[in-house]
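Trainee: I would like a close look at one part of this structure. Please take me through the empty space inside, then whatever surrounds the subject.

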Amino acid sequence: MRVSQIGIITKKKLKLDNQFPVQDMLIQTGQLAQYSSGVYAYGHVPYLVKKNIDRIISEVLTKYDCSEISLPLLQPENIWIESGRLEKYIAEGVMFRCKTDKSNYCLAPTAEEAVVNYAKDRIYSYKQLPVTYFQIGPKFRNELRARGYLLRGKSFDMMDAYSFGKNQDELNDKYNTMKKAYLEIFGKLGLKVQPVGADSGNIGGNKSEEFMFISDIGEDNILFDETTKIAFNSELLNRKDAQEYLKSIYGIKNIYNLKSKKAVELGHIFQLGDKYTKAMNATYVDENGECQNYIMGCYGIGVSRTLAMIYEKSILYNKNNEFDGICLPLNLTPYSVYMIPKFDDEEKVKQSIFVYQKLLQNDIPVLYDDRIDVSIGTKIKDSRIVGIPYVVVFGKTLNQGYVTVENNKTGEKTDLTLEQFIYNFTELERYRKDNFSLEEILKQKEIDYENSTNAKGLEKQFRFKWYTKNSF
């Protein structure tokens with residue numbers, strides 16, 4: 001991809017929001033676009049990062065036998081009347097509504113009603129249970145206190161999953177399975193989250209846990225019990241039966257022995273029971289031929305929030321502890337390397353274009369800065385602004401037959417011939433979904449080479465195959 005096509009706005013100096021510097025940078029450099037309070041468009045790179053987050057979520061949940069579907073964003077209000085939640089959502093001003101001469105609709109703030117309606121036309125026997133559906137896509141809520149850019153918006157992306165089972169035991173099993181899946185998902189995303197006890201809010205149900213990322217920019221307070229090491233959202237203290245509830249559910253006997261930390265909620269899981277299936281008459285036939293209501297669980301991940309925290313966590317600082325850009329995780333960045341040609345030398349430009357095209361032929365995503373009216377220094381700075389892990393300038397070192405690849409996160413530099421550059425970034429693409437870096441791959445190849453009993457033979461064989469396939 002050519003940098004001139006991704007819509008980045010180059011700025012000499014960025015004066016950034018102290019609390020949310022990276023997201024503010026994304027706005028100022030055109031990588032996010034704000035249409036109104038809480039309503040955003042994603043630019044090229046952030047959108048592709050979000051798609052990689054979606055991919056990881058989908059892969060993990062599918063591995064845990066969850067079925068991916070797509071429910072309508074425009075929902076008829078009659079299913080909300082059936083569940084008994086319409087008036088409450090209208091009264092609280094949460095729901096965006098669309099009235100027509102035929103019927104009334106709403107933009108989906110959540111999907112319990114829609115998924116129950118979907119399930120009851122398909123699950124009619126105990127033999128089909130348990131089953132879990134999930135989807136990834138937009139939701140719409142009229143947030144009165146939109147804040148933190150993508151952290152709390154009126155339009156946002158989320159993953160929402162719903163389990164259907166025969167009884168509480170099946171719900172407990174699925175709840176614990178989804179908790180395990182969540183920890184795996186956030187682990188792959190490089191976010192260390194803490195499951196904490198939480199209030200179920202408008203969703204309802206008897207038990208819920210939030211997955212919190214400890215951060216000073218969070219709007220939630222989580223409390224840790226020093227004795228049990230159990231954590232919960234401070235909102236639980238607002239319950240009338242707070243002490244009794246915390247003791248019976250979490251084993252916390254002394255609410256005065258707690259420590260507080262700021263955190264961002266990235267996920268939430270609920271045990272709903274029959275709250276929605278009973279209201280909407282969603283049933284299956286059990287072993288005895290009798291109709292029973294499904295027992296439900298609900299599980300959500302804020303994809304937009306997760307994207308925001310990945311960006312905020314990827315910040316780079318200079319020696320003066322000032323913002324110096326970002327470096328996205330290798331398994332999430334859409335491009336591993338940012339190529340900068342030196343346009344005042346025609347031969348070097350030709351070499352850079354050859355390498356760029358060779359990488360594209362090998363299906364290696366790379367950003368090529370083709371902007372003629374921008375200095376090399378600015379381009380290097382922009383490689384950090386868009387968050388690409390590696391940057392390389394096709395300049396004077398080509399006279400000695402190599403280019404220098406710099407790791408934008410660590411500053412480590414690696415000299416590679418053009419053949420090595422193409423080969424090693426082709427290898428990096430094979431392994432970077434597992435978060436292996438270029439340096440780790442080169443080190444492993446060095447170890448493999450040294451341990452080989454026929455190193456010279458291997459080198460000769462490799463070079464023959466390489467030049468046959470990639471000769472200049």
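How much space lies in the second largest cavity?

Mentor: About 40 Å³ of space lies in the second largest cavity. Bear in mind that the model is predicted.

Start with the walls of that cavity. P130, V131, T132, S163, F164, G165, E170, L171, K174 and I295 line the second largest cavity. Three elements each supply at least two residues of this lining: β7 (131-140), β8 and α6 (168-188). By class, the lining divides into 5 nonpolar, 3 polar and 2 charged residues. E170 and K174 count as charged because Glu and Lys belong to that class. G165 is placed among the polar residues, because Gly is counted there.

Now set this cavity among the others. The structure holds 3 cavities of 30 Å³ or more. The largest cavity has a volume of about 60 Å³. R147, L151, R152, I217, G218, E219, D220, V264, E265 and R305 form its lining. That lining divides into 3 nonpolar, 1 polar and 6 charged residues. Some of these charged side chains are also paired. E143, R147, R152 and E219 are linked in a network of salt bridges. Of that network, R147, R152 and E219 also line the largest cavity.

Next comes the open space. The largest pocket has a volume of about 1,200 Å³. Its lining holds 41 residues, and R141, E143, R152, E265 and R305 lie nearest its centre. Four elements give two or more residues to the lining of this pocket: β8 (155-165), β13 (258-273), β16 (295-302) and α9 (303-313). Strand β8 thus recurs, as it also supplies at least two residues to the second largest cavity. By class, the lining of the largest pocket has 14 nonpolar, 12 polar and 15 charged residues. R152, E265 and R305 are named for the pocket centre and also appear in the lining of the largest cavity.

Step back to the whole chain. The chain has 14 helices and 23 strands. Its C-alpha atoms fill a box of roughly 80 × 60 × 55 Å along the principal axes. Buried residues make up 51% of the 472 residues.

Salt bridges deserve a look too. A search of the whole structure finds 23 of them. One joins the side chains of R384 and E406, at 3.7 Å from N to O. R384 lies in helix α11 (residues 376-385) and E406 in strand β22 (residues 403-407), so the pair ties together parts that are 22 residues apart in sequence. R384 counts as buried, because its relative accessibility is 16% and the cut-off for buried is under 20%.

Another salt bridge stays within one helix. The side chains of E427 and R430 meet at 2.8 Å, N to O. Both residues lie in helix α12 (residues 418-431), 3 residues apart, about one turn of the helix. Their surroundings contrast. E427 is buried, with a relative accessible area of 7%, whereas R430 counts as exposed at 53%.

Helix α2 (residues 44-63) holds R55 and E59, 4 residues apart. Their side chains meet in a salt bridge of 3.6 Å, N to O. E59 is partly exposed, at 48% relative accessible area.

Finish on the surface. L74, F96 and L107 form a nonpolar patch there, with about 220 Å² of accessible area together. L74 is found in strand β4 (residues 74-76). At 43% relative accessibility, L74 counts as partly exposed.

Methods: Residues are numbered from 1 along each chain as its sequence is written. This is a predicted model: local features need pLDDT of at least 70, side-chain atom pairs count only at pLDDT 80 or more; totals for chains, interfaces and linings use all residues. Side-chain values use heavy atoms; hydrogens and water are left out. Patches are made of residues with over 30% relative accessible area and no salt bridge: like charges are joined within 9 Å, nonpolar side chains (Val, Leu, Ile, Met, Phe, Trp, Tyr) within 5 Å. Accessible areas come from the Shrake-Rupley method with a 1.4 Å probe; for residues, only the protein chains shown count as cover. A salt bridge is a side-chain nitrogen of Lys or Arg within 4 Å of a carboxyl oxygen of Asp or Glu. Buried means under 20% relative accessible area, exposed over 50%, partly exposed in between (1.4 Å probe, protein chains only). On a 1 Å grid over the protein atoms alone, a cavity is a set of points where a 1.4 Å probe fits but cannot get out, and a pocket is an open set with protein on both sides within 12 Å along at least five of seven lines; lining residues have an atom within 4 Å of a point. Grid points are joined across faces, edges and corners, and a volume is the space filled by probe spheres set on the points.
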